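I am opening a notebook page on this structure. The entries below record what I looked up, in the order I looked it up.

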Amino acid sequence: MASPVAASAKEPRTYIAIDVGTTNSGYGYKVNSPHSADYLIQPGKDKKEPTMLLLKRDKEESLAAFGADAWKKYETCEHGGLGDFYYFDRFKMELQQDSKVHGGMTIKAENAEKHVSLKLLFTRVFEHYHKESK
């Protein structure tokens, strides 16, 4: 019977990095296996996306658009149609305003008095990159 350590050493491992920046965001991953080259894959290496989110005003506050798409939709809806969305741009800047970052933090939408949890915003960013990576 093979030891779990020996068996796991042969299995490929994937390492994923997501950079949620103040201005731009992106992701990359690396696969380590005996049969693959040892290098970092950055699908959007030359096209990091602006860290902008447009959330639907639905029960789940689901993601309507991310990055440049969020900005385009925001710009198009700015005169009258934004009642259906919450817009967030450079939301990480809010982290500098609070001396202690904590799980209950909320961020105010740019276009409304609505506050959304920081956890939800990061969740939507991660969901976006998960969907994009498929």
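**Entry 1: the hairpin.** Which residue takes a positive phi in the hairpin of S5 and S6? I found Glu-61, with phi near 50°. The hairpin has six residues between its strands. I note for the record that the model is predicted.

**Entry 2: the sheet.** I then traced the strand pairing. The strands form an open sheet of three, in the order S6-S5-S7, and the pairing is antiparallel. S6 and S7 are the edge strands, as each pairs on one side only. From one strand to the next the twist averages 15°. I looked up the bridges as well: S5 and S7 pair over five bridges, while S5 and S6 pair over three. For a reference position I took Leu-53. Its bridge partner in S6 is Phe-66, and in S7 it stands opposite Phe-88. I also checked burial along S5, where four of the five residues are buried.

**Entry 3: helices on the sheet.** Which strands does H2 touch when it packs on the sheet? H2 touches S5, S6 and S7, and its direction makes about 60° with that of S5. I made the same check for H3. H3 lies across S5, S6 and S7 and runs at about 100° to S5.

**Entry 4: the two sides of H2.** I listed the buried residues of H2 (residues 68-77) and got Ala-70, Tyr-74 and Cys-77. These three cover an arc of only 75° around the axis, so they sit on the same side of H2. The face turned away from that buried side carries Lys-72 and Thr-76, which are exposed. I also asked what covers the buried residues of H2. The cover includes strands S5 (52-56), S6 (63-66) and S7 (85-89).

**Entry 5: aromatic pairs.** How many aromatic pairs are there? I count seven. Phe-66 and Tyr-129 make an edge-to-face pair, because their ring centres are 5.7 Å apart and their planes stand at 75°, over the 60 degrees needed for that label. This pair links distant parts of the chain, with Phe-66 in strand S6 and Tyr-129 in helix H3 (residues 118-132), 63 residues apart. Both residues are buried.

I looked at Tyr-74 and Tyr-87 next. Their pair is stacked, at 3.8 Å centre to centre with 15° between the planes. Tyr-74 belongs to helix H2 and Tyr-87 to strand S7, 13 residues apart. Are these two tyrosines buried or exposed? Tyr-74 counts as buried because its relative accessibility is 12%, and Tyr-87 counts as buried because its value is 3%; the cut-off is under 20%. I also found a cluster in which ring pairs link Tyr-27, Phe-66 and Tyr-129.

**Entry 6: nonpolar cores.** Which residues touch the most other members of the largest nonpolar core? I noted Leu-53, Leu-55, Phe-88, Phe-91, Leu-121 and Val-125, in a core of 19 residues. S5, S7 and H3 each supply at least two residues of this core, and H3 gives the most, with five. Apart from this core lies another, of eight residues, among them Met-52, Ala-65, Tyr-74 and Tyr-87. Tyr-74 and Tyr-87 are thus the stacked pair of the previous entry and also members of this second core.

**Entry 7: contacts of Leu-55.** I left aside neighbours within four places in sequence. The contacts of Leu-55 then include Leu-63 and Ala-64, Phe-85, Tyr-86 and Phe-88, and Leu-120, Leu-121 and Arg-124. Glu-61, the residue with positive phi in the hairpin, is also in contact with Leu-55.

**Entry 8: Arg-124.** Arg-124 came up in the contacts of Leu-55, and I followed it. Arg-124 is found in helix H3. Is Arg-124 buried or exposed? Arg-124 is buried, because its relative accessible area is 9%, under the 20% limit. Not counting residues up to four places away in sequence, Arg-124 touches Leu-53, Leu-55, Glu-60, Glu-61, Ser-62 and Leu-63. Two of these, Leu-53 and Leu-55, are among the core residues listed in Entry 6.

Technical notes. Residues numbered from 1 in each chain as written. Predicted model: local features only at pLDDT ≥ 70, side-chain atom pairs only at ≥ 80, totals over all residues. Heavy atoms only, no water. Buried < 20%, exposed > 50% of the residue type's maximum accessible area, 1.4 Å probe, protein only. Arc of directions from axis to C-beta. Contact = heavy atoms within 4.5 Å. Phe/Tyr/Trp six-rings, centres within 6.5 Å; stacked < 30°, edge-to-face > 60°. Pairing = 2+ DSSP bridges. Core = buried A, V, L, I, M, F, W, Y, C linked by side-chain atoms within 4.5 Å. Axes fitted to C-alpha atoms, helices over the stretch in contact; angles between N-to-C directions.
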